[in-house]
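Open the viewer and clear any old selection. This tour moves from one element out to the whole chain.

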Amino acid sequence: MKKLDVTTREYKSGFRAKVIRRPLFAQKFMGIIVDFGGSDPQKLCGGAHFLEHKLFTKKNGDISQRFEAVGASTNAFTTYNETMFYASFTEHWRQVLPLIFELVGTTHFTKSNVTKEAKIIAQELAMYQDDPNWQVNYELMQMMFPKTNLAEDLTGTKASLKKMTPEILQEIYDNNYISGRMEFVACGGFSENQTKEVLREVGKLESKYLISKKVAPKKLTWVSPQKQHNTIIESDLATSRVGIGIRLPDFEKVDLKNSTAQTIFEMMLQAKLGVTSPWFERMQKQGILNSPMELQVSYTTEGNFATIIGASNKPDLFLENIKSQLLEVPITKEAFVFQKKEALAQTIREFDDLSTVAIEEAEYGLENEDFNTAAYVIQSLSFSEFYTAIDNILAKSDIFTTILKGKEEAN
């Protein structure tokens with residue numbers, strides 16, 4: 001498998017920078033990832049997401065307009081583990097680079113702009129809460145990780161949004177937007193000389209804009225799950241929604257790195273429950289399942305988990321079949337080989353998408369890994385290693401279920 005051409009530099013502050021050279025690409029990508037997300041400790045839940053929104057507001061207006069003025073488009077996202085700010089463009093990287101650092105490295109919080117943003121995010125949250133799949137996921141997370149940030153939406157709660165102030169936002173920023181918890185990444189058609197120039201400029205900008213202080217390592221803050229493992233909620237839905245939450249162990253305790261364990265478990269779920277599995281075809285023929293399910297695997301500082309959410313008019317039978325398929329039915333070597341090829345094919349496709357490969361490399365950097373090594377681990381994975389890993393993970397896992405019962409079942 002081909003490898004990324006990555007030049008890395010670490011600065012005295014602990015800030016790191018990477019330039020991924022793709023000589024045949026006219027498009028370019030630059031971004032800064034912050035090792036701080038929705039599941040990390042913060043004064044109010046949803047603080048990481050709120051902060052992501054408000055950093056685009058500067059004293060002279062929305063900084064997005066200044067990116068647009070030099071032909072760049074900018075955006076950001078928040079996950080459980082990180083926040084990332086980035087821009088895509090074809091020219092004027094010397095103008096885009098300082099804008100990225102100004103975006104992440106300066107704040108402008110006022111009572112009026114924080115109050116206005118809280119109302120906007122509250123509307124966003126209300127839209128999510130109307131989604132049946134969101135409701136199922138919420139119930140699962142409440143059982144698996146009670147009284148944690150994982151138990152709430154990444155956007156926060158109505159109560160936390162109302163409590164947000166400029167002072168709290170600034171405190172969250174000062175405690176987490178630290179140079180040693182950030183990494184810069186650039187990707188595109190940069191020459192060797194441009195790569196050196198980018199890294200020199202990054203050194204100047206990070207010392208100008210970013211807070212440099214000692215960084216405490218992240219600590220796992222896992223809590224015990226609820227004793228209740230199953231819930232049934234009546235609803236007005238025509239078709240029931242069914243969810244299974246698998247509370248996974250600390251992957252280090254099963255001798256796996258987070259990214260490797262995540263990929264292996266995703267492969268298992270696809271092999272057993274995905275649209276190409278014999279099980280999915282059988283469920284369709286029996287009228288138990290009509291559409292693909294949402295399958296997600298995540299690792300965070302508050303715990304690791306997988307969620308499986310689908311729609312069925314026979315929810316009890318659906319749950320019974322999923323549990324049996326997950327815990328009792330072995331994976332064939334043919335299914336493993338197929339899923340491994342799919343995972344590697346996805347990796348190869350990412351090589352041709354600058355933003356995806358740059359974001360992936362930045363995320364791996366927060367785990368002290370890299371794209372090339374992670375791809376090699378999956379490429380060299382044997383069937384016995386895969387099987388052992390799945391057995392070890394499932395042996396230390398706990399299963400939770402939720403049914404959002406439709407009208408037919410409720411009556």
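Begin with helix α1, residues 47–54. In this predicted model, 7 of its 8 residues are buried, so the rest of the structure largely encloses the helix.

Now pick out the buried residues one by one. They are G47, A48, H49, F50, L51, E52 and K54. Buried here means under 20% relative accessible area. Notice that E52 and K54 are on that list beside F50 and L51.

What covers the buried residues of α1? Show the strands among the cover: β4 (57–58), β6 (73–78) and β7 (83–89). Then add the helices: α4 (111–129), α6 (158–163) and α7 (166–176) are included too.

Next, show the whole protein as a cartoon. Turn it and look for 16 helices and 13 strands.

Switch to the C-alpha trace. Along its principal axes the trace spans about 60 × 50 × 35 Å. The radius of gyration is 23 Å, which agrees with the value near 22 Å for a compact globule of 411 residues.

Colour by burial. Of the 411 residues, 54% count as buried. Then turn to contacts with a separation of 6 or more. Residues 24 or more positions apart account for 83% of them.

Switch on the surface. The protein exposes about 19100 Å². Carbon and sulfur atoms supply 49% of that area.

Last stop: the charges. Select the 48 positive and 53 negative side chains. How far apart do the centres of the two sets lie? They are 4 Å apart.

Terms used:
Residues numbered from 1 in each chain as written. Predicted model: local features only at pLDDT ≥ 70, side-chain atom pairs only at ≥ 80, totals over all residues. Heavy atoms only, no water. Helix = DSSP H or I, 4+ residues; strand = E, 2+ residues; numbered from the N terminus. Rg over C-alpha atoms; globule rule 2.2 N^0.38 Å. Buried < 20%, exposed > 50% of the residue type's maximum accessible area, 1.4 Å probe, protein only. Contact = heavy atoms within 4.5 Å. Areas by Shrake-Rupley, 256 points an atom, 1.4 Å probe, with all protein chains shown as cover. Lys, Arg positive; Asp, Glu negative; His and termini not counted. Charge placed at Lys NZ, Arg CZ, Asp CG, Glu CD.
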